[in-house]
Amino acid sequence: MGEIRDISLAALGRQKIDWVRSYMPVLSGLESRFLRDRPFEGKKIALSIHLEAKTAFLAITLRSGGAEVFVTGSNPLSTQDEVAAALYEMGFEVFAYHGATDEEYRGHLKKTLACCADIIIDDGGDLVELLHSECSGYSGRVIGGCEETTTGLSRLRARELDGSLRFPMIAVNDAESKCLFDNRHGTGQSVWDAVMHTTNNMISGKTVVVAGFGHCGSGIAERAKGLGANVIVTEINPIRALEAVMQGFRVMKMDDAAPLGEIFVCATGCNKVITARHFEKMRDGALLANAGHFDVEVDKPALCAVSVSNNVRKPGVRGFKMPDGRWLNLLGEGRLVNLAAGNGHPAEIMDMSFAVQALCALEICKNGKSMAPGVFEVPAEVDALVSRLKAEAMGIGIDELSEEQRRYMGSY
């Protein structure tokens with residue numbers, strides 16, 4: 001059972017999965033451990049993460065532990081049909097295909113939840129949102145789950161605050177072995193991979209405007225600087241604004257940056273970061289990209305309203321012609337550019353993130369029934385284990401404190 005685009009693509013999907021597996025040693029180690037211990041025996045896991053090769057390997061790892069895994073994507077434009085086909089051929093129930101309409105995408109989420117899962121693995125909060133609304137009838141067996149993203153955690157914490165969250169969720173995004181690497185280095189590289197591949201344009205010498213200087217935004221800005229761009233940062237947080245200045249970036253309001261930028265990348269998690277009054281000031285040929293979870297940071301309705309026409313100028317690029325003849329170019333339809341127009345984060349980075357996911361799913365499986373509804377931090381021992389295993393796999397030697405040093409550090 002499932003709903004995919006084309007089963008004939010399965011062989012290509014298997015190639016992609018085999019390739020990333022060879023660069024994900026921590027998750028490979030967990031797969032071997034799970035095969036031996038079968039900790040998820042008899043459990044159903046509903047998984048909604050950007051459906052590409054690294055995610056497929058996470059699903060395979062969870063199934064190696066005895067779980068029935070039901071898979072969908074978390075963004076219609078990030079689903080890779082060949083990977084969905086490969087998982088389907090392997091016997092997974094997969095509900096996803098590239099380019100699904102909003103209605104089809106929501107239908108895929110609902111069909112995934114119809115398994116009445118014990119554990120939820122979410123990316124952006126759509127599964128959890130449905131379990132609290134249209135699909136509440138499927139929530140009876142849910143022990144708890146894990147959330148991958150900053151945006152998803154914002155939605156969860158809003159529910160926790162008003163007392164409506166019905167089960168425990170672990171904040172995978174906030175683990176140091178996730179956010180310091182995935183959000184900063186993963187996003188930093190994959191955004192520019194996608195922009196360069198999609199546009200075939202130079203980054204060096206361009207003026208790049210990065211909206212937001214959190215973990216994702218700082219990584220994007222640092223990589224742009226390394227590629228030779230002149231980088232401007234916009235922020236609402238004075239501490240982050242000062243941090244950006246201290247790292248050598250110009251900081252100003254978006255109103256002032258709009259006429260200067262040649263490439264704009266949003267990474268705020270908020271909506272309407274770039275809107276009509278900014279479009280009116282931008283240079284001809286400006287590139288607009290989003291690295292936040294939802295397609296709301298670049299105000300697409302406003303862009304449609306102020307333009308006289310729009311069309312696909314090349315794959316992954318929609319051009320909007322302004323009344324004065326300028327073209328503004330939106331990448332990946334305003335969705336996550338690194339996935340809608342690229343291959344997502346490097347496998348070596350997702351090795352850590354998905355190892356945290358797998359171990360936190362195990363934590364929920366073991367202890368979720370004794371946890372109250374709410375948002376919980378990743379256990380410190382999980383964070384430390386993943387980082388240590390990754391360091392070992394990379395051949396990194398780490399010093400240890402002597403007993404004398406331990407006593408010294410613990411004394412006053």
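This passage describes a parallel sheet, a helix packed on it, two residues with positive phi and a nonpolar surface patch in a predicted model.

Within the model, 7 strands are arranged as an open sheet with parallel pairing, and their order is β3-β2-β1-β4-β5-β6-β15. The edges are formed by β3 (93-95) and β15 (374-376), each of which pairs on one side only. On average, and with direction ignored, neighbouring strands of this sheet are turned by 20° against each other. Helix α3, spanning residues 53-64, packs on the sheet and touches β1, β2 and β4 (119-122), its direction making about 175° with that of β1. The parallel strands β1 (residues 44-48) and β2 (residues 68-72) are joined by 5 bridges, and I45 has V69 in β2 as its bridge partner.

Two residues other than glycine have positive phi values, R38 being near 50° and C116 at about 60°. R38 lies in the loop between α2 (25-37) and β1, where it is partly exposed, with a relative accessible area of 35%. C116, by contrast, belongs to the loop between α5 (102-113) and β4, and its relative accessibility of 24% likewise places it in the partly exposed class.

At the surface, M394, I396 and I398 make a nonpolar patch of about 330 Å². Of these residues, I398 is located in the loop between α16 (380-393) and α17 (403-409). Because its relative accessible area is 60%, and the exposed class begins over 50%, I398 counts as exposed.

Conventions
Residues are numbered from 1 along each chain as its sequence is written. This is a predicted model: local features need pLDDT of at least 70, side-chain atom pairs count only at pLDDT 80 or more; totals for chains, interfaces and linings use all residues. Side-chain values use heavy atoms; hydrogens and water are left out. Patches are made of residues with over 30% relative accessible area and no salt bridge: like charges are joined within 9 Å, nonpolar side chains (Val, Leu, Ile, Met, Phe, Trp, Tyr) within 5 Å. Accessible areas come from the Shrake-Rupley method with a 1.4 Å probe; for residues, only the protein chains shown count as cover. A salt bridge is a side-chain nitrogen of Lys or Arg within 4 Å of a carboxyl oxygen of Asp or Glu. Helices (H or I, at least four residues) and strands (E, at least two) are DSSP runs, numbered from the N terminus. Buried means under 20% relative accessible area, exposed over 50%, partly exposed in between (1.4 Å probe, protein chains only). Two strands pair if DSSP finds at least two bridges between them. Axes are lines fitted to C-alpha atoms, for helices over the stretch in contact, and angles run from 0 to 180 degrees between N-to-C directions. Contact means heavy atoms within 4.5 Å.
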